[in-house]
Structure formats: structure tokens, C-alpha cells
Amino acid sequence: MEIFKYITLVLACGFLLTDCTGDFEGTNTNPNKITVESGKLSASAMFEPILYGGANYLTYISLFWNDELIQHTANTAFTVRQEHRYYIGDSNWTSLWNNIASYGSNIHEMYRLATIQNDPALQAVSKTLYVLWMQNLTDMFGDIPYSQAFQATEGIKTPVFDSQEQVYQEMCDDLESANKIYAENPYVSNSIASLDGMYGFDMTKWRKFNNSLYLRLLCRISGRSSTIVDSTHTVPEKMQQIVDNSSEYPIFTSNKDNATVHYSAIDPYYSQFDPKDNTEADFTAYRLTEETIKLMVVKGNDETIDAYIDPRLPIIGNKRPKYAYWKGTVAGCSSEEQNNVDKGTSYLNYATLARNNSDEFLMDYSEVEFILAEAALNGWITGGEDASRAYYENAVTASMKKWSDFGANISTDYIISDNQVKEFLNSSLGSWDDNPNHEQLIIDQKYIASFWIGMEGWDEYRRTGYPILSIGAGCTFNDMVLPTRMGYPNTTIATNSANATAALKNMGGENNMKTPLWWSKQAIEK
């Protein structure tokens, strides 16, 4: 969905060397109107399309890309949709690269304007959002321009690609810098508070988001624990510092802190899956996979008997009419198999998910608690297994309550009670005692909780190897290897060949979807 078509953004994008306006196409082409390059557009005028349009786009790629790759769903209704078979090519890489980088470019420009206009609040917010988008870009492609990105106006038209280790260090530096600005409680005019449909420009909440995002970054590179992230601390040392210093590094402490973008359904504030643009058939095409059903349903004597069901499942999915049980489809099934395999398959819940005022999620409190659970379990922070269990149960509870609130907007039938949360934590699906592999339990539940949060499921799978996935025999693309990255677009290779080639050499592979990223489990074990 394209929203907020009311400002002209004239950007010089040395990162892409192509049109870089993404979802920000302006309808006003009058050269006498205010433009970015005139220096007269305020940084705050850029904020709304970045926040709302950005949340729309991340929700879109979560459905279209993340859920298909990581097997939340498999769109087997339309033979043209073959992402679950890993049929992905240059046009896909180009679209993802251009769109994600365009947000980075616009945020980079917002920061420049905020600096010129002496607006520290927007400087800090820009840094936080910039890291969010560049994290998505590097976690999708690997080495990327960062230190020289978006500097065509300074004469840098073929920027170097920083190693992913360097990119993560630079992102951590940006979050450190933003945290210091937030700590000064910069002034925010009441006139712009309403522009922020997430936090109302409450700097204390933005600061929590900033530092919670910091924990996400540290968790992502936890397999490279010796990396120095702030010129002083290793990854686990920095995690411990954040946990020990809540006044210096406040993080999410409840669902009230969630980085959730709210849409009013008043033009142009529509969420991504506005029913006028998405039919029920569009959603029923996304079938829940066997992997999702396995992690959310306890079967009885056979697959037609559901002994216990995760209370979040009816909020995000529907059983097929005339079928009394939840059934998953095979990701990677062949075109010929689809009619038989999909018989009775459950699918996404159109009523709850396709709403023009639906919330969209950038990061949740549950993710923070899952990160801390894993950190305590592995000794990255103090507390050991007892603390890990407490963090884990907090995380599951937070996820349950988030989806309960989400579903309650449609029906009270979707409300998840405290007793239901306790029942889940005592079930074979969620019980700490019944699942001895606590690392897998944490990541499996993080996988469920990350539904519709950008590309986090794919990122975490590549980092940990969980959940354990299988692929159908119909997946004949990419040698049946779940993509380890997206390839650089051909246009990028052509226009910045020397630097892109050097990046591939540094990553130790070809420009394909089988070269592992620096922080991934595959690269570390290799």
C-alpha cells in the first residue's frame, strides 16, 4: 500500500544508483514547492510516511517473504507463488534491496534535516529507525554499504561495502549515540506529537525501543561473542551492562512498551491489509504449514483429533470448513501434489488479520524476554536456568496477551485468559519441564511470537537452526537449500562491481542464496 503521497522527496541516492523514493512517490512536481534539497522541509514532515509506510512495508514482506521462507504459511493456492519452493531471483532481490534501502535513504535524509534544524529529538528517532532498516538490509543481504551509504551528494557514488561485522559495530554505535540523546529528554513540540502513531513522541518510550533493538542486535551476533561492539565491551559484556543498568539503558518491561504502529482507518492511515485491497480469497491462499500446526497443536491418536490447541492459533488462522481439526500443508510440495496435499488445510484468518485499522508491529516486549531467556541459559548474562525460565514464561505470557488484545478487537471469543496462559505453560507445547532442550523451546516459541514482525523468523532460523524445518520434494529450486541470504541485484553488481565483488569475496561465496551470513550458525560452524 502506498500512503502519504503529499511530499516531494528529492534524494540523491548513492547507495542504489537508481530511483530511491520507494513508497514515497510524490504527486506534487511543482518546482516552486518545498523540496528536501531546498532545506525548507522539516525533518518532522518526513517522519509520518517513514513510520506508517515503513510499518506497512515490513508487514507486507513478513507475509510475502518471511512466512513463506520460514514456513508459517505456504501459498499453494496460486501456482505463480513459489517462494515456499525457493523460486526466487534477481527481480525479487532488486525489489527488496531497493525498497528497504529507500527507507534507509529517507531516514538518512531525515537525520540530516534534523541536524540542520537543531532538532535532537528527531535526530535520536532517526538513528533508531535507521538502524531498524539497515538491520533488515544487512540481515537479508550480508555485507552492505553503511559508512559510505547515501552520500552521492558528497561525491560517493560507488560506496564500499562494509563487512557485516563492521555494519553491526556501526549500528551499535548509532544506538549508543541515540541513547545518549534520549537521555537528555529533548524537547518535542506538541504540534508534532500527533504525527507519531506509535509513541506520540514520548522520548522515554522511544529510548526503550532503541535499547531493546540494541538487545536484538546483540542477540543476532551472539555466536560471534568476542566482537567488540562499543569500542570496549564484547557482546555478552554489553548485554550484561544493559541488563544491569536499567536507568542508563531502559528496555521494554511490558506490552505497553511495544513498538506498535496504530492505524485509525481514517484516510490515509490504513494498515497494510485493508480489506478493500485484500479479498478473503487472498488470505485463504496462505495455508498454514505442518510446521506451524506441529508447534501449536497437540494431536490425539491421529491427526483428526486435536487434544490441545495454542489459544493464539484461532486468532491468526482458520480451520477449513467441514473439517473439525487443524491441518497443515507441506511447504515445498509440487504443483501436481497441491490439490491433494491442500485438502482440508487450515489458512490465515481474514477477519482478524485483514483490517484497515489493524496494529502493525516493529518489536515486542516478548522478544526482549526471549532474548534474555536465551542469554541467561547460555551464560551471556547472570541468572542461570532459573532466570532463563522466568524470562521465558514472561515472554510467552506477553505474546499471549498481545494476541489476545489483537483478537479482542474482533470478538471476545479471542480473549486469552490468565488460566489459558497457565494451561499452555503446563502443556507439552510450552512446558519448561516437559521440554528438556530449553534452547529449542525458547526459539520455537520465539518463532511463534514473531509472526508478522518483519523478517525476524527467517533471521532467527539462520542464527539458531530452530525450529527444525523440512521441505517437500517439490522444492526443486536452490538445491532445496532454504535461502541463506538474498543476492545482490544485477544492477548493483553492474554499477558498483568492484565493491560488490569484494563483499562477496569477504563473505566467502558467490552471489547466490547459499552463501551464509557472518552471524549465522552455518557460517560459524563452517
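This passage looks at the salt bridges of the structure, which is a predicted model.

In total, 28 salt bridges are counted. A handy place to start is helix α2, which spans residues 90–116 and holds both E109 and R112. These two residues sit three positions apart, about one turn of the helix, and they form a salt bridge whose closest N and O atoms are 2.7 Å apart. The partners fall into separate burial classes: E109 has a relative accessibility of 7% and counts as buried because this value is under the 20% limit, whereas R112, at 31%, is partly exposed.

A second pair, K299 and D306, invites a similar reading. The side chains of K299 and D306 meet in a salt bridge with an N to O distance of 2.6 Å. Here K299 is partly exposed, with a relative accessible area of 28%, while D306 is buried at 18%.

Salt bridges that share partners also build a network, joining D139, R216, R220, E367, E374, K446, E456, D459, E460, R462 and R463. Within this set, E460 and R220 deserve a closer look: a salt bridge connects them, with 3.2 Å between the closest N and O atoms. This contact ties together distant parts of the chain, as E460 belongs to helix α17 (residues 456–464) and R220 to helix α6 (residues 203–220), with 240 residues separating the two. Both E460 and R220 are buried.

Note on methods. Residues are numbered from 1 along each chain as its sequence is written. This is a predicted model: local features need pLDDT of at least 70, side-chain atom pairs count only at pLDDT 80 or more; totals for chains, interfaces and linings use all residues. Side-chain values use heavy atoms; hydrogens and water are left out. A salt bridge is a side-chain nitrogen of Lys or Arg within 4 Å of a carboxyl oxygen of Asp or Glu. Helices (H or I, at least four residues) and strands (E, at least two) are DSSP runs, numbered from the N terminus. Buried means under 20% relative accessible area, exposed over 50%, partly exposed in between (1.4 Å probe, protein chains only).
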